[in-house]
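Please take the chain below from its loops and helices to its ring pairs and its pocket. The sequence and the coordinates are the place to check each step.

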Amino acid sequence: MNNRDYVLMIGLIALTVLTSFVLTFYGVNIVMSGTAPASALTFSYVTIAYGLGSLAILSLAWSSREVWCVTVIKLFALCYLGVVLMDTFREGLQGGQEIIRVLALAVALFANWLAVKKVVERD
């Protein structure tokens, strides 16, 4: 692994850890608010699960280098993106800002997948 790939891998790992923290923090804030409706609580539990799950998969990929970790993070990311899209369309699009948020989340989820892939393929 050359120096550029190593820096890219470390950057993707940092982005994955940051994404995990933000999603978990967001989900816990919704749960702890005490005023959220049941549908928002369900969404927040899924958000917490993805945040913690992606970090667990990254950790597993680091220690085991198993190829199936790449498939699992891809499945988790696609399922979570599907939940976000369903939640967004259920409420109705309120404007372009929601589309930008979903696209930003999709890029972050892609980075999570790429981080696990780079960790599994490292030398």
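Arg65 sits in the loop between α2 and α3. Its phi is positive, at about 55°, although Arg65 is not a glycine. Most residues other than glycine have a negative phi. With a relative accessible area of 37%, Arg65 is partly exposed. The model is a predicted one, and what follows should be read with that in mind.

The loop belongs to a protein chain with four helices and zero strands. Read along the sequence, the pattern of the protein chain is α-α-α-α. Helix α1 covers residues 3–33, helix α2 residues 38–64 and helix α3 residues 68–91, and helix α4 residues 96–121. The C-alpha trace of the protein chain spans about 50 × 30 × 20 Å along its principal axes. The protein chain has 123 residues, of which 34% count as buried. Where do the contacts of the chain between residues at least 6 apart in sequence lead? Among these contacts, 72% join residues at least 24 apart.

Individual residues show both ends of the accessibility scale. Ser44, in helix α2, has a relative accessible area of 0% and is therefore buried, the limit being under 20%. Leaving aside residues up to four places away in sequence, Ser44 touches Gly27, Ile30 and Val31. Those numbers fall within the range 3–33 given for α1. Met32 is also found in helix α1, but Met32 is exposed, with a relative accessible area of 66%. From Met32 to Glu98 the separation is 66 residues in sequence and 24 Å in space, C-alpha to C-alpha.

Leu105 brings in helix α4, where it is found. Its relative accessibility is 15%, so Leu105 counts as buried. Not counting residues up to four places away in sequence, Leu105 touches Leu23, Tyr80, Leu81 and Val84. Leu105 and Ala40, by contrast, are 65 residues apart in sequence and 18 Å apart in space, taken from C-alpha to C-alpha.

Tyr80, one of the residues that Leu105 touches, leads on to the aromatic rings. How many aromatic pairs are there? The count comes to four aromatic pairs, with ring centres required to lie within 6.5 Å. In one of them, the ring centres of Phe43 and Tyr80 are 6.4 Å apart and the planes are at 20°; since planes under 30 degrees apart count as stacked, the pair is therefore stacked. This pair links distant parts of the chain, as Phe43 is in helix α2 and Tyr80 in helix α3, 37 residues apart. Phe43 is buried, at a relative accessible area of 13%. Tyr80 is buried as well, at 4%. Ring pairs also bring in Tyr50, linking Phe43, Tyr50 and Tyr80 into a cluster.

A second pair to look at is that of Phe110 and Trp113, which is tilted, with 5.4 Å from centre to centre and 40° between the planes. Phe110 and Trp113 are three residues apart in helix α4, so about one helical turn separates them. Are the two rings' residues buried or exposed? Phe110 is partly exposed, with a relative accessible area of 48%, while Trp113 counts as buried at 18% relative accessibility.

Another ring has a charged partner. Arg122 lies over the face of Trp62, at 4.0 Å from the ring centre.

The last feature is the open space in the model. Rolling a probe the size of a water molecule over the atoms shows where empty space is left. The largest pocket has a volume of about 560 Å³. Which residues lie closest to the centre of the largest pocket? Of the 21 residues that line it, these are Tyr26, Phe43, Tyr80, Val84 and Arg101. Phe43 and Tyr80 are thus met again, here as lining residues and earlier as a stacked pair. Val84 is likewise among the residues that Leu105 touches. The helices α1, α2, α3 and α4 each supply at least two residues of the lining of the largest pocket. By kind, the lining divides into 13 nonpolar residues, three polar and five charged.

Notes
Residues numbered from 1 in each chain as written. Predicted model: local features only at pLDDT ≥ 70, side-chain atom pairs only at ≥ 80, totals over all residues. Heavy atoms only, no water. Phe/Tyr/Trp six-rings, centres within 6.5 Å; stacked < 30°, edge-to-face > 60°. Buried < 20%, exposed > 50% of the residue type's maximum accessible area, 1.4 Å probe, protein only. Lys NZ or Arg CZ within 6 Å of the ring centre and 35° of its normal. 1 Å grid on protein atoms, 1.4 Å probe; cavity = no way out; pocket = protein on both sides within 12 Å on 5 of 7 lines; lining within 4 Å. Points joined across faces, edges and corners; volume = space filled by probe spheres on them. Nonpolar A, V, L, I, M, F, W, Y, C, P; charged D, E, K, R; others polar. Contact = heavy atoms within 4.5 Å.
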